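I am keeping these notes as I look things up, one place at a time. My plan is to begin with a single residue and then move on to the spaces and contacts around it.

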Amino acid sequence: MTNILITGGSRGIGYELVKQFAQHADNYIVVLSRNTDKLKALQAECLKLYNNNITIYGVDFDSPSLSDDLKQVIAQEAKHFHILVNNAGVLINQPFSETSLHNFIHIYKVNVFAPALLIKEVLQNNQPEQLTHVVNIGSMGGFQGSAKFPDLSVYSSSKAAIANLTEVLAEEYKASNTKFNCLALGAAQTEMLNEAFPDYKAPLSAVQIAIYIHQFCITGANYFNGKIIPVALTTP
């Protein structure tokens, strides 16, 4: 059995990614998100379509109790997670001069601090002799040399931070069975994109991106470690 932990599974790419994994009966899937109603809908859908009863937890990645909440989830599961996908994220389309400290901290808490805390908890409870593949979901906006866009300074810089964290953790754990990679995604048609850019039409759907991430989670650790990999139809 493969144990998989996915954050941000209540909508968009995360929702579709959970469904990709749920199609295989030998996958045990744990999903974290603050939106418990949508998680319950996802759980019901996976059970109906694939007879896979995923496990869900309502976790707010901007909560002051986040560290304790994650500790409780990992302790309660008491499993080795072979795959960890840090997919939860928040995007605010706002000029830098108008971005409040609250929004700045909010974006970094969800996009950087929460993944870091979860990685730490998972690795502390995992079995060192077993393989672990940590896949951080980044953005082309945080990929060096790629096209940059105004009003995304905080979001893009947070994604650059998670990409760099991927590299340094891969170096720190290079003698272990834990592999770290970051997928720098281009635009995909998701609810988050629609909220930030209502008139923009992305070239790829959430399902198309989820199919790619699913395969990468399974096979990527055989070929990559500490890599930031652009996943986009356009040249950086």
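Entry 1, a residue in a loop. I looked up Thr99 and found it buried, with a relative accessible area of 16%; I call it buried because that value falls under the 20% cut-off. The model I am reading is a predicted one. Thr99 sits in the loop between strand E4 (83-86) and H4. When I left aside its neighbours within four places in sequence, I found Thr99 in contact with Gln94, Phe104 and Val154. I also checked a pair separated along the chain: Thr99 and Lys38 are 61 residues apart in sequence, and their C-alpha atoms are separated by 29 Å.

Entry 2, empty space inside. My next question was how many cavities of 30 Å³ or more there are. I counted two cavities of that volume or more, and I took the largest one first, which has a volume of about 50 Å³. Thr99 appears again here, since the lining of the largest cavity is made up of Ile92, Gln94, Thr99, Ile107, Asp151, Leu152, Ser153, Val154 and Tyr155. Gln94 and Val154, which line this cavity, are also among the contacts of Thr99 that I noted above. Helix H5 (residues 153-172) gives the largest share of this lining, three residues, and by class I wrote down five nonpolar, three polar and one charged.

Entry 3, the other cavity. The second largest cavity holds about 30 Å³ of space, and I listed Thr7, Phe61, Asn86, Ala88, Val110, Ala114, Pro115 and Leu118 as its lining. Here the largest share, four residues, comes from H4. The lining divides into six nonpolar and two polar residues, with no charged ones.

Entry 4, another residue of the same loop. Is Asn87 buried or exposed? I found Asn87 buried, with a relative accessible area of 13%, and its place is in the loop between E4 and H4. Not counting residues up to four places away in sequence, Asn87 touches Thr7, Gly8, Ile13, Gly14 and Ile137. Thr7 was already in my notes, as one of the residues that line the second largest cavity.

Entry 5, two helices that pack. I followed H4 to its contact with helix H3 (residues 66-77): H4 covers residues 101-125, the two pack at an angle of about 35°, and their axes are 10 Å apart. Their crossing is right-handed. On the H3 side I noted Leu66, Ser67, Leu70, Lys71 and Ile74, and these meet Ala114, Leu117, Leu118, Glu121, Val122 and Asn125 in H4. Sorted by class, the residues of this contact come to seven nonpolar, two polar and two charged. Ala114 and Leu118, which belong to this contact, are also in the lining of the second largest cavity.

Entry 6, a residue of H1 and a pocket. Gln20 lies in helix H1 (residues 12-22) and is buried, with a relative accessible area of 14%. Beyond residues up to four places away in sequence, Gln20 touches Ala210, Ile211 and His214. I then turned to the second largest pocket, which has a volume of about 170 Å³. It is lined by 14 residues, and those closest to its centre are Thr2, Phe21, Ile83, Cys217 and Ile218. Helix H7 (residues 206-219) gives the most to this lining, with three residues, and the classes are six nonpolar, seven polar and one charged.

Terms used
Residues numbered from 1 in each chain as written. Predicted model: local features only at pLDDT ≥ 70, side-chain atom pairs only at ≥ 80, totals over all residues. Heavy atoms only, no water. Buried < 20%, exposed > 50% of the residue type's maximum accessible area, 1.4 Å probe, protein only. Contact = heavy atoms within 4.5 Å. Axes fitted to C-alpha atoms, helices over the stretch in contact; angles between N-to-C directions. Left-handed = near helix turned anticlockwise from the far one by under 90°. Nonpolar A, V, L, I, M, F, W, Y, C, P; charged D, E, K, R; others polar. 1 Å grid on protein atoms, 1.4 Å probe; cavity = no way out; pocket = protein on both sides within 12 Å on 5 of 7 lines; lining within 4 Å. Points joined across faces, edges and corners; volume = space filled by probe spheres on them.
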